Structure formats: C-alpha cells, structure tokens
Amino acid sequence: MPSSTDPLVCHDNAASRVAELADFVAYAFAQNCDDPSLSRGLVGATWLLAESGEARHRHTARRLLALAAALHGARAPNVALFAGLTGLQWTFDALSTVLYEEEPDAEAELDRLLAEVLRVERWRGHHDLVSGLVGIGVYALANPRAGRCGELCAALLDQLERSAIRPEPAQATWITDGSLLVSHARELFPRGRIDLGLAHGVTGVAAWLADVAMHPEIDLALQLRAARLLDAAIAWILSRREAQEHPHGYPYFVEPDGQAVPTPRVRLAWCYGDLGVAWALTRAASARGRADWAEAARCTGARAASRDACDSGVADPWLCHGGAGVAHVFGCLARATGDPIFADAARRWWQRALDLAQEHTIRAAPALLEGATGLGLALLAAMRGAPPRWNALLLL
Ligand SMILES: [Zn+2]
C-alpha cells in the first residue's frame, strides 16, 4: 500500500523516459520548425530542453528561442500567452539564469505594447488563459521589471471588471463572444458561450484572481479588488454544479443567457472539467481563507479521483487532456492539500499515462500541450516532487 509521501513515479524509469523525450524533442524541433508558439512550437520545446539538465540541450534551447524571437519579429504583434509574445518573453524571463546565466532584461518592449493594448475602453478579445487577458495576467504576475507587475495587473483587473456580466448581484462570469470562436464552435454557439475550463474559461479567471489576491508584490488595494471579483466568480462557478447523478461535477459550457448545455460526460483533464474547478477552488480557498470552498474543492477532486480510467475519456498521454495532465493536476492537488486521495490518484494516472506513451505515439507529437515536451516536463516534475517553474503557465 503506497503512503502519501512515496514518489509519484519510479525515479530511474522516469529519468530514462525523460532523457529519451528530450532527445526526441531536440531532434524534432531542429527540423525547420516555423511555429514559434509555447503550446505547439519552439518556445514550448525550450522548456523541456532547459529543464533536462543537459548542456547540449541548453545549447539547442538557446538556438530555438532565438529562432522564435526572429519569427515573431517578422509577424504582426500577437500578445497571446500560448501563441504570442507574452509566452516568449515569459520564457526569456523565467529561463534567463538557466540558459544565459544572466538576470532577466531590465527593459522589455512588450511591457510598453501591453500597456498600450490594455488602455482601450473595453477589451473585445478573449478573456482566457490561452489567448486572452488571463494569459497576459500570467506574464504580468511573473514580470521581474520594477513596477510592471502591479501596473499590468491593475490594467487587466480594470478590463476583467468591465467585461464581467452579473447573472446575480453577487456573481460574475465572462462570455466568449461568438466572433472569437472557431467556425465549428460558432455554428454550435452563434451567440457565444460561457466556458468553464481552466484553459479557456471562468475557472481560469478565478485561478488567476486568486493568485493576484495572494501575490506579495501586489499592493493591498489591488489584492482586495481581485478578491472581490474572485468571490463573485466562485459564487457563479459553484452555482453551475451539476446534479449528483451526473458522472461529472461541472459542464464544459453554459449558454450566454445562463441556460445549461446538456453534456453526457465531461472528460477528465487539465483544460476543462472537474480537475481544473477543484484546483481553482483550492487556490480561492487559500486566498480567502474559506473552509467551505476548500471542502467544495475536496469533494470535486475526490469525485474526479474516483472516476474509472475507462470512463474518463482520456485517450492519450499528453498534458492538455491526456494522462500526464490528469496525473500532474492530481499531483498539484496532493501537494496543496496533503490529501492522500490525490497522491494515490496521481500514481495511478502516471501508470496509465506511461502505458499510453508508446514510442509510435511519442514520435508523432513533439509539442508542449499535446506532445512529448509536456509529457517530459510533467514527468520531471513528478520525479522531483516540487512545483515546476512552468506550472504558472497552466495556472497551477
Ligand atoms: Zn485540452
């Protein structure tokens, strides 16, 4: 019977898998990649190469980052975290001592660009982690340049407050406009939709607000503003809990007018569903000292842990909605709460993820979110047992 302090993976097996994954990622991205993104491209690959601990991979990582910067420089500015400049600069800042043995840049042109784009009266873009305000917020919270963290977070909070809708006076939520959806989603949701995922939705907004409300470099007045909006976001999320007979606790989407979107079964994943909700509730409970939210988080997480793998909808080993992502979030919940249910679930899900990670699967996909880079990073984190630097990228 494993104890809650046992490692989540067998160290030696995991170390040899990580070495194979890093070799494959270095090889795959050396072949004319023209995608500079964090989620699928060069910037994402940099993370596994930098974290692998091998000098030859750090050399490749520096080359990939330089190529990513050149590719971004030749395109129209894109400030999204997962596909744009915030992901690139966030990576430069976080890895500057690892890759260049230097402190982060004292000035960044991106900070001026963000101040300008956030000055609009009303933000019309995404509010989510992947492409929107929350993704810029992840960059803002980690910004090492004096004064920038607070300034950017204040501007982001202004936009989130203005764009929130209030189904009840004590609730807040955010609509993804139909014009922002990809074509097949727009056909299903022509008026837009409210997303509940950590990657694309209100759960992600709540997790970020909790981080702002607890951040030591944010002044008290701003922390309190974030906390008030967080209270309203959590009130809305909790109001969307499904009836007990559902196999899952929270849906993928809700119509803009609040009407439920019937879903037979929501997949177990980082990007959408109960694990992300459990994580956001855990963070919110810490930020606000709310024992009732911690209990709601425990119930939601425990229900996710009890789901049979065959009924979970998980079909690949990756980070976004695959086995490594499920194992990694359970590992984060275990560390945050000390609850052995989550450590046991993380161990079981690591076994499952590694079973799914056959060589032909790996060789088809080198990316961070849905590929070998993310699998390698999550496996390294499980071996080391400490929160990895890149966790903030996933709001973890
Ligand atoms: Zn996903």
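Two residues are taken to be in contact if their C-beta atoms, placed from the backbone, lie within 7 Å. By that criterion, and leaving aside neighbours within four places in sequence, alanine 206 is in contact with Leu230, Ala233, Ile234, Ile237, Ala280 and Ala284. The model is predicted.

The protein has 16 helices and two strands. Its C-alpha trace spans about 55 × 55 × 40 Å along the principal axes. For 396 residues, a compact globule would have a radius of gyration near 21 Å, and the 20 Å of the protein agrees with this. Buried residues account for 51% of the 396 residues. Among contacts between residues at least 6 apart in sequence, 66% join residues at least 24 apart.

The largest nonpolar core has 135 residues. Those with the most contacts inside this core are Ala206, Leu209, Leu230, Ala233 and Phe330. Of the partners of alanine 206, Leu230 and Ala233 are therefore also on that list.

Helix α9 comprises residues 202-214. Its 13 residues reach 19 Å from the first C-alpha to the last, close to the 18 Å expected at 1.5 Å a residue. Twelve of the 13 residues are buried, so α9 is largely enclosed by the rest of the structure. Ala206 and Leu209 are among these buried residues, as are Trp208 and Asp211. The buried residues of α9 pack against α6, α7 (148-163), β1 (194-195), α10 (220-239) and α11 (274-288).

Helix α4 (residues 85-100) has a shorter reach than a straight helix would have. A straight helix of 16 residues would span 22 Å, whereas α4 spans only 19 Å between its end C-alpha atoms. The helix bends by about 50 degrees at alanine 94. Its buried residues are Leu85, Thr86, Gly87, Leu88, Gln89, Trp90, Thr91, Phe92 and Leu95. What covers them includes α2 (42-51), α3 (55-73), α5 (109-117) and α6 (133-142).

Leucine 65, in helix α3, touches two of the buried residues of α4, Thr91 and Phe92. Val43 and Thr46 are also touched by leucine 65, not counting residues up to four places away in sequence. Leucine 65 and threonine 91 are 26 residues apart in sequence, and their C-alpha atoms are 8.8 Å apart in space. A residue is buried if 20 or more other C-beta atoms lie within 10 Å of its own. Leucine 65 has 23 such neighbours, so it is buried.

Backbone geometry was also examined. Most residues other than glycine have a negative phi. Glutamate 101 has a positive phi of about 50 degrees although it is not a glycine. This residue follows α4 and is found in the loop between α4 and α5. Glutamate 101 is exposed, because 7 other C-beta atoms lie within 10 Å and the limit for an exposed residue is 12 or fewer.

Leucine 395 likewise has a positive phi, of about 65 degrees, and is not a glycine. It lies in the segment after α16 (372-384). With 25 other C-beta atoms within 10 Å, leucine 395 is buried. Of these two residues with positive phi, glutamate 101 is thus exposed, while leucine 395 is buried.

Conventions:
Residues are numbered from 1 along each chain as its sequence is written. This is a predicted model: local features need pLDDT of at least 70, side-chain atom pairs count only at pLDDT 80 or more; totals for chains, interfaces and linings use all residues. Helices (H or I, at least four residues) and strands (E, at least two) are DSSP runs, numbered from the N terminus. The radius of gyration is taken over C-alpha atoms; the globule rule is 2.2 Å times the number of residues to the power 0.38. A nonpolar core is a set of buried Ala, Val, Leu, Ile, Met, Phe, Trp, Tyr and Cys residues joined through C-beta atoms within 7 Å. The expected span of a helix is 1.5 Å times one less than its number of residues. The bend at a residue is the angle between axes fitted to the seven residues ending there and the seven starting there.
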